[in-house]
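Here is a short tour of one protein model. Keep the sequence and the 3D view side by side as you read.

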Amino acid sequence: MKSLRIVVTDPIISRLEDALKHDGAAHHWDMAAAWTPDRQLDALGGADVVVCSSLSPQQAAAAARLQLVHVTGAGYDKISFPGLPPEAVVANTFHHARPVAEHVLMLTLMLSRNVLAADRAVRGGSWKTIATDPDVPFHPTLGGMTLGLVGMGSIGAEVARMAGALGMDVRAVRRNPGAGVPDGTALSWMGGNHQLRELLAESDVVVVTVPLDASTEGMIGAAEFAAMKPTAFLINVARGPVVDQDALFDALESQRIAGAGIDVWWGSPADGVVPPAELPFSSLPNTVLTPHHSGHARITFERRAADIADNIRRLAEGRELFNLVPRS
């Protein structure tokens, strides 16, 4: 087994340092998440492996001897592929489907039962129920609702399994509808992405799980919101730019749709802007807003650390790596 120089710049996976190093191999580890940018660049110059959530063009250019970029999650849209040396490969890791699916169901219940408004009312001294106010609506139950999935990757499949087990009618669109239904899922309908508006028109809850790329950026816009029921909810656990920010705000403010659960945003919380959006989503009463944490279960990162350690060991032993992603 050859010795590797490994630079870790991701602060979350750094919290599981012992799990990353558990095989005891004599690698050189730079746990560099808290280092200055210049010191990170110096370390990357000698790195065989970088473990990261993002890699800028400057960082990629500095890492001239890199063999492996191991992303600490599923998304690799923040990796500067053009700057990588030709022989470098990129791998990712998952294990977040179950906690994200649980988050989706939590948001569905919170939105459909108006939990935040009820909480605010009780804290403010108001007791409004169907027994005290004829304008208060009855709750729906999950078993009477249709859930429409935009995307059927690992997250979409897990949402489908859990929602189906609770009696929801689950439908979906995906890029390749002929790819088959994932194990353990029972869909009442599957279409292609060109049938998105058909899905939207029938769904009480629309869950966005597609990866962000050129074909999905702005995929949910004004025309798509116009196709949704006015009683429907949108839940985005994909990437912020998959949904057009202006169109979503307008649909919520005008009550064109009933509400939204937003876990992913259109930027980072720079300059104290929280939530990171150009429009005041926090002023809207029909939203549940979370800080991109739907997959942040400890078991997710324990399993990711195990994947990363396994791929590093395989690289050191000259064996085939897994979860490689295309460079192009």
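Start with one residue: Thr-146 lies in strand 6. The model is predicted, so treat every value here as computed from that prediction. Is Thr-146 buried or exposed? Its relative accessibility is 11%, and buried means under 20%, so Thr-146 counts as buried. Leaving aside residues up to four places away in sequence, Thr-146 touches Asp-169, Arg-171, Glu-202, Ser-203, Asp-204 and Val-205.

Now compare a residue in a helix. Gly-164 sits in helix 7, which covers residues 154–165. Gly-164 has a relative accessible area of 33%, and it is partly exposed. Gly-164 and Trp-29 are 135 residues apart in sequence. In space, their C-alpha atoms are 44 Å apart.

**The sheets**

Strands of a sheet pair through backbone hydrogen bonds, either parallel or antiparallel. One open sheet here has seven strands. Their order is 8-7-6-9-10-11-12, and the pairing is parallel. Strand 8 (189–192) and strand 12 (287–289) are the edge strands, and each pairs on one side only. From one strand to the next, the twist averages 15 degrees. Helix 10 (residues 245–253) packs on this sheet. Helix 10 touches strand 10 (233–236), strand 11 (259–262) and strand 12. The direction of helix 10 makes about 140 degrees with that of strand 11.

Another open sheet has six strands, in the order 2-1-3-4-5-13. Its pairing is mixed. Strand 2 (28–31) and strand 13 (324–325) stand at the edges. Why is one side of each left without a neighbour in the sheet? Each has a single partner strand, so the other side stays unpaired.

The table sets out two strand pairs, one from each sheet.

| Strand pair | Bridges | Direction | A facing pair of residues |
|---|---|---|---|
| Strand 6 (residues 146–150) and strand 9 (residues 205–208) | Four | Parallel | Gly-148 and Val-206 |
| Strand 1 (residues 5–8) and strand 2 | Four | Parallel | Arg-5 and His-28 |

**The cores**

In soluble globular proteins, nonpolar side chains tend to be buried together. How many residues does the largest nonpolar core have? It has 30 residues. Phe-225, Leu-234, Leu-248 and Phe-281 have the most contacts inside it. Helix 8 (196–202), strand 9, helix 10 and strand 11 each supply at least two residues of this core. Helix 10 gives the most, with five residues.

Look closely at Phe-281. Not counting residues up to four places away in sequence, its contacts include Leu-248, Phe-249 and Leu-252. Phe-281 also touches Trp-265 and Trp-266. Thr-287 and Leu-289 are among its other contacts.

A second, separate core has 29 residues. Leu-105, Leu-142, Leu-147 and Val-170 are among them.

**A pocket**

Rolling a probe the size of a water molecule over the atoms shows where empty space is left. The second largest pocket has a volume of about 520 Å³. It is lined by 18 residues. Which of these are the closest to its centre? They are Arg-113, Asn-114, Ala-118, Lys-128 and Val-136. Helix 6 (residues 115–123) gives the most to the lining, with four residues.

How values were computed. Residues are numbered from 1 along each chain as its sequence is written. This is a predicted model: local features need pLDDT of at least 70, side-chain atom pairs count only at pLDDT 80 or more; totals for chains, interfaces and linings use all residues. Side-chain values use heavy atoms; hydrogens and water are left out. Two strands pair if DSSP finds at least two bridges between them. Axes are lines fitted to C-alpha atoms, for helices over the stretch in contact, and angles run from 0 to 180 degrees between N-to-C directions. Contact means heavy atoms within 4.5 Å. A nonpolar core is a set of buried Ala, Val, Leu, Ile, Met, Phe, Trp, Tyr and Cys residues joined through side-chain atoms within 4.5 Å. Buried means under 20% relative accessible area, exposed over 50%, partly exposed in between (1.4 Å probe, protein chains only). On a 1 Å grid over the protein atoms alone, a cavity is a set of points where a 1.4 Å probe fits but cannot get out, and a pocket is an open set with protein on both sides within 12 Å along at least five of seven lines; lining residues have an atom within 4 Å of a point. Grid points are joined across faces, edges and corners, and a volume is the space filled by probe spheres set on the points.
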